[in-house]
Amino acid sequence: MGELKRIEKKGKNKLILFLSKYKFTKNEYKYSSKYDGTKNEIRGIQTPDAPTKYFINYLTEKNEKIDSILCITSKKTNDKSINNNEQGKIYDSAFEDYKKMLNRFCYEKGIQTPNLVRLNFDYDFKNNKPIIESDVSGKLCENIVKKLSKDDTIYIDYTSGIRDTSLLIILIIRYLEYTGIRCGGMIYSYYDNDDKSKNKIIDIKSTYDLFELLNGVNEFTSFGKSKTLSNYYNNIWKDKEEHKEIKDLINVMDKFSDMMSLCIVDDIDQIMEELNEKILKVKSVKDKKDLNNSENKLMNYMFFNLIYEIKKKFYLDKDNKITYISLIKWCLDNDLIQQALTLYVEKMPEYYATCKFYNIDEYSLKKTLQVSSTKSNEYTTIFYTKLFISSVNSISLISVFSSKISLFFSFKTSYLLSSL
């Protein structure tokens with residue numbers, strides 16, 4: 001057999017940063033860092049120096065490279081830097097200085113210099129006029145998107161930029177991820193004015209990824225789908241054998257998700273019981289697990305507390321049990337009409353009988369046992385037979401099922417049927 005050819009990565013690695021104003025200093029400071037199990041000590045003078053070197057080192061160690069740097073600039077970072085404290089002495093612009101630093105660093109490492117792409121934030125250099133303030137955000141997003149392609153991986157230096165622009169960058173990243181572009185890393189360069197030995201580069205990607213945890217819980221409580229939550233934890237854990245209680249809960253959520261998507265309720269009783277059990281187990285370990293692990297503390301805190309929101313959304317009663325009623329109410333809350341009707345038609349007859357809303361005589365049970373294969377079918381046959389007879393005899397449903405709960409479901413069913 002011939003040697004298999006290596007499949008080349010289609011997308012490119014691209015760094016996005018907002019360029020800070022030029023600092024009139026020649027002092028070079030050390031920044032400690034820890035990323036992906038490696039330790040580096042990086043030096044930098046200007047604000048973006050250390051983060052850029054950091055990402056170049058990080059990808060070089062993985063036998064990869066940064067293909068392009070999208071450098072977001074303002075008019076101030078493009079103009080020559082004038083130091084009024086030195087009688088108006090003129091220095092390079094922040095962009096020119098950054099370009100020289102990049103070329104010098106890559107030359108010293110013996111690697112190819114990334115393609116440096118200048119994006120204009122507040123000034124249209126082509127037409128020599130300021131960008132209207134109301135157009136700034138839209139144009140920046142448009143310009144970034146134009147420079148990216150599907151399957152690209154972006155790395156973010158979150159250190160510089162105006163505060164509201166930092167939030168805009170997060171929004172743009174979230175948008176890009178929906179288009180198939182992956183965020184490979186995000187860092188913040190911390191500069192300590194009082195003690196330079198504390199300068200460090202902080203990985204904030206794990207904090208950013210918590211958006212997916214929130215999205216996953218919302219997706220499950222709103223649509224009964226667990227894919228986002230499952231993918232999030234699979235990426236976090238990989239092969240780690242920790243937090244078994246959460247893993248077990250996610251597995252049951254996957255079962256529940258499949259059942260609701262396919263609208264197959266045969267195993268609903270078992271799945272509801274498992275879901276109740278796993279939620280209780282996760283709650284029980286909340287205070288017993290070591291939540292002080294710096295890597296997972298925030299993630300654990302958020303998920304354990306979101307369990308209460310899951311309970312609330314599913315109308316878990318005082319006994320911590322999901323019932324047919326609470327499940328149907330949840331379906332109606334989230335416009336899962338087909339699932340609500342299926343559960344009502346197939347499961348509520350048994351619920352009515354169990355709660356003594358109507359009587360089942362021994363003869364009827366024995367008779368249905370001969371033609372039904374499941375307990376649920378037995379109750380369904382009896383219930384709808386009695387309902388049909390009652391309707392023929394013009395007996396009001398309210399008189400047959402006087403309970404407030406049955407009245408509620410009769411109303412809901414009528415509403416749903418009229419909406420179809």
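A disulfide is taken here as a pair of cysteine sulfur atoms within 2.5 Å, and by that criterion the structure, which is a predicted model, holds zero disulfides. Two cysteines can be placed by their accessibility: Cys-141 is partly exposed, with a relative accessible area of 21%, while Cys-331, at 0% relative accessibility, counts as buried. Cys-141 falls outside the buried class because that class is limited to residues under 20% relative accessible area, and its own value is 21%.

**Overall make-up**

The protein chain contains 17 helices and twelve strands, and of its 420 residues 44% are buried. When contacts between residues at least 6 apart in sequence are considered, 63% of them join residues that lie at least 24 apart.

**Two helices**

The helices α1 and α7 are set out below with their spans from first to last C-alpha.

| Helix | Residues in helix | Span | Expected span at 1.5 Å a residue |
|---|---|---|---|
| α1 | 13 residues | 18 Å | 18 Å |
| α7 | 14 residues | 20 Å | 20 Å |

Helix α1 is mostly covered, with eleven of its 13 residues buried; the buried set runs from Asp-49, Ala-50, Pro-51, Thr-52 and Lys-53 through Tyr-54, Phe-55 and Ile-56 to Asn-57, Tyr-58 and Leu-59. In α7, which covers residues 210-223, the buried residues are Leu-210, Leu-213, Gly-216, Val-217, Glu-219, Phe-220, Thr-221 and Ser-222. In general, an α-helix has 3.6 residues a turn, so residues three or four places apart point the same way. Among the buried residues of α7 are Leu-210, Leu-213, Gly-216 and Phe-220. Gly-224, which follows α7, has a positive phi near 75°.

**Loops and positive phi values**

Just after α1, Asn-63 takes a positive phi of about 60° although it is not a glycine. Asn-63 sits in the loop between α1 and β4 and is exposed, its relative accessible area being 74%. Asn-128, another residue other than glycine, has a positive phi near 55°; its place is in the loop between β8 (123-124) and β9 (129-130), and Asn-128 too is exposed, with a relative accessible area of 58%.

Asp-67 also belongs to the loop between α1 (49-61) and β4 (68-73), but Asp-67 is buried, with a relative accessible area of 18%. Once neighbours within four places in sequence are left aside, Asp-67 is in contact with Lys-12, Asn-13, Pro-114 and Asn-115. The C-alpha atom of Asp-67 is separated by 9.9 Å from that of Ile-56, which lies eleven residues away along the chain, and Ile-56 is itself one of the buried residues of α1.

**Cavities**

The structure holds three cavities of 30 Å³ or more, and the largest cavity encloses about 70 Å³ of space. Eleven residues line this largest cavity, and those closest to its centre are Phe-18, Asp-157, Tyr-158, Ser-160 and Ile-169. Three elements, β1 (13-18), β10 (153-157) and α5 (163-178), each supply at least two residues of the lining. By class, that lining comprises six nonpolar, four polar and one charged residues. Since Asp is among the residues counted as charged, and Asp-157 is one of the lining residues, the one charged residue of the lining is Asp-157.

Definitions and conventions. Residues are numbered from 1 along each chain as its sequence is written. This is a predicted model: local features need pLDDT of at least 70, side-chain atom pairs count only at pLDDT 80 or more; totals for chains, interfaces and linings use all residues. Side-chain values use heavy atoms; hydrogens and water are left out. On a 1 Å grid over the protein atoms alone, a cavity is a set of points where a 1.4 Å probe fits but cannot get out, and a pocket is an open set with protein on both sides within 12 Å along at least five of seven lines; lining residues have an atom within 4 Å of a point. Grid points are joined across faces, edges and corners, and a volume is the space filled by probe spheres set on the points. Helices (H or I, at least four residues) and strands (E, at least two) are DSSP runs, numbered from the N terminus. Buried means under 20% relative accessible area, exposed over 50%, partly exposed in between (1.4 Å probe, protein chains only). Contact means heavy atoms within 4.5 Å. The expected span of a helix is 1.5 Å times one less than its number of residues.
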